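These notebook entries record what I looked up in the structure. They concern backbone angles, surface exposure and the contacts with DNA.

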Amino acid sequence: MSLKPQRPHSIDELFARASELAGQRFADLAAAAQLPIPNDLRRDKGWVGMLLEHYLGATAGSKPTQDFPELGIELKTLPVDANGKPLETTFVCVAPLTDLAGVNWQTSNVRNKLQCVLWLPIDGRREIPLADRVVGSAFIWQPSAAQESMLQRDWEEHMDRIALGEVEHITARQGVALQIRPKAADGSALTDAIGPDGSIIQVRPRGFYLKTSFTEQIIRQVFHAV
DNA sequence: TCCTGATCATTA
DNA sequence: TAATGATCAGGA
């Protein structure tokens, strides 16, 4: 384990480094990084993701790009239960609500981020103290043709509604693999969106999320069991 | 019990 | 405000 992580220069190097994390306790990783470990994640929801990003040398910051642009790879932690089933949906990116002219699936942020993902399953069981939870086995995934068309269908359906000014009628129930839900600091956060009559309205910002049923299929496909 | 809608921390 | 990292928690 490197105490002073550097940016990986190849996918192999990144994958090897991620694989070394398997079985390691969050307490040990936090100690080596000299980071305080919270009692739970209620006030530190992104703590595990940030910790592992640190170890793998991902670029800090809030740019809407892949975590490793030069490798074309996005890093995602995936909290799972004792059976390896995902416990949470997976945030992908913010959903554009205005200026949709020329926006299409091929150039979308969703497709870009999901083209190649380094998944890092993590123990997400709340009944286990955070310090005692461990990292799982990393794997690299690229959507199959079937998975991508599923994502594309969902994405186009969501974007059609947004373009038609129906953003406020979008529910998390819509979409087979990809859903849209609020994504904000709190209820006071507002952003521009297209209204029913085509004018600009203020709404809660939205994000694209992968449903747990979809990430569960990915896990099954890789580990051949659940 | 599960899942949707709400929320938390941080940086720029 | 908007982007990143996500999980919480109560109602269906």
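**Entry 1: residues with positive phi**

I began with Asp99 in this predicted model and asked whether Asp99 counts as buried or exposed. Asp99 counts as exposed because its relative accessibility is 71%, above the 50% cut-off. I located Asp99 in the loop between β2 and α4. I then read its backbone angle: phi of Asp99 is near 50°, a positive value in a residue that is not glycine. I noted this angle because most residues other than glycine have a negative phi.

I looked up Gln34 as well, which is not a glycine and has a positive phi of about 55°. Gln34 sits in the loop between α2 (26-32) and α3. With a relative accessibility of 70%, Gln34 counts as exposed.

**Entry 2: Asn109**

I turned to Asn109, which belongs to helix α4, residues 109-114. Asn109 is classed as partly exposed because its relative accessibility is 29%, and that class runs between 20% and 50%. I also checked its separation from Thr98: the two residues are eleven apart in sequence, and their C-alpha atoms are 14 Å apart in space.

**Entry 3: a nonpolar surface patch**

Which residues form a nonpolar patch on the surface? I found Ile11, Phe15 and Ile140, with about 210 Å² of accessible area together. Phe15 lies in helix α1, which covers residues 11-19. I recorded a relative accessible area of 32% for Phe15, so Phe15 is partly exposed.

**Entry 4: DNA strand C**

I listed the residues around DNA strand C and found 26, of which Lys45, Thr77, Arg126, Lys183 and Tyr209 come nearest. By class, this surface has twelve charged, eight nonpolar and six polar residues. I next asked which element supplies the largest share of the surface near DNA strand C. That element is β1, with four residues. The elements that each supply at least two residues are α3 (47-56), β1 (74-80) and β2 (90-94).

I then examined the strand itself. Of the atoms of DNA strand C within 4 Å of the protein, 63% belong to sugar or phosphate, and the rest belong to bases. I noted three contacts with bases. An N or O atom in the side chain of Lys183 is 2.5 Å from a base oxygen of DNA strand C. For Lys45, an N or O atom in the side chain is 2.7 Å from a base oxygen of this strand. A polar side-chain atom of Tyr209 lies 2.8 Å from a base nitrogen of DNA strand C.

**Entry 5: DNA strand B**

How many residues surround DNA strand B? I counted 15, the closest being Arg43, Lys45, Ala172, Arg181 and Ala184. Of the atoms of DNA strand B that come within 4 Å of the protein, sugar and phosphate account for 59%. I sorted the residues of this surface by class and obtained seven charged, four polar and four nonpolar.

Lys45 appears here again: one of its polar side-chain atoms lies 2.9 Å from a base oxygen of DNA strand B. I also looked up contacts made through the protein backbone. A polar backbone atom of Ala172 is 3.0 Å from a phosphate oxygen of DNA strand B. For Gly187, a polar backbone atom is 3.3 Å from a phosphate oxygen of this strand.

Terms used: Residues numbered from 1 in each chain as written. Chains lettered and ligands numbered in written order. Predicted model: local features only at pLDDT ≥ 70, side-chain atom pairs only at ≥ 80, totals over all residues. Heavy atoms only, no water. Patch = residues over 30% accessible without salt bridge, like charges linked within 9 Å, V, L, I, M, F, W, Y side chains within 5 Å. Areas by Shrake-Rupley, 256 points an atom, 1.4 Å probe, with all protein chains shown as cover. Salt bridge = Lys/Arg side-chain N within 4 Å of Asp/Glu carboxyl O. Buried < 20%, exposed > 50% of the residue type's maximum accessible area, 1.4 Å probe, protein only. Near = heavy atom within 4 Å. Polar contact = N/O pair within 3.5 Å; in protein donor to acceptor, adjacent residues only side chain to side chain. Nonpolar A, V, L, I, M, F, W, Y, C, P; charged D, E, K, R; others polar.
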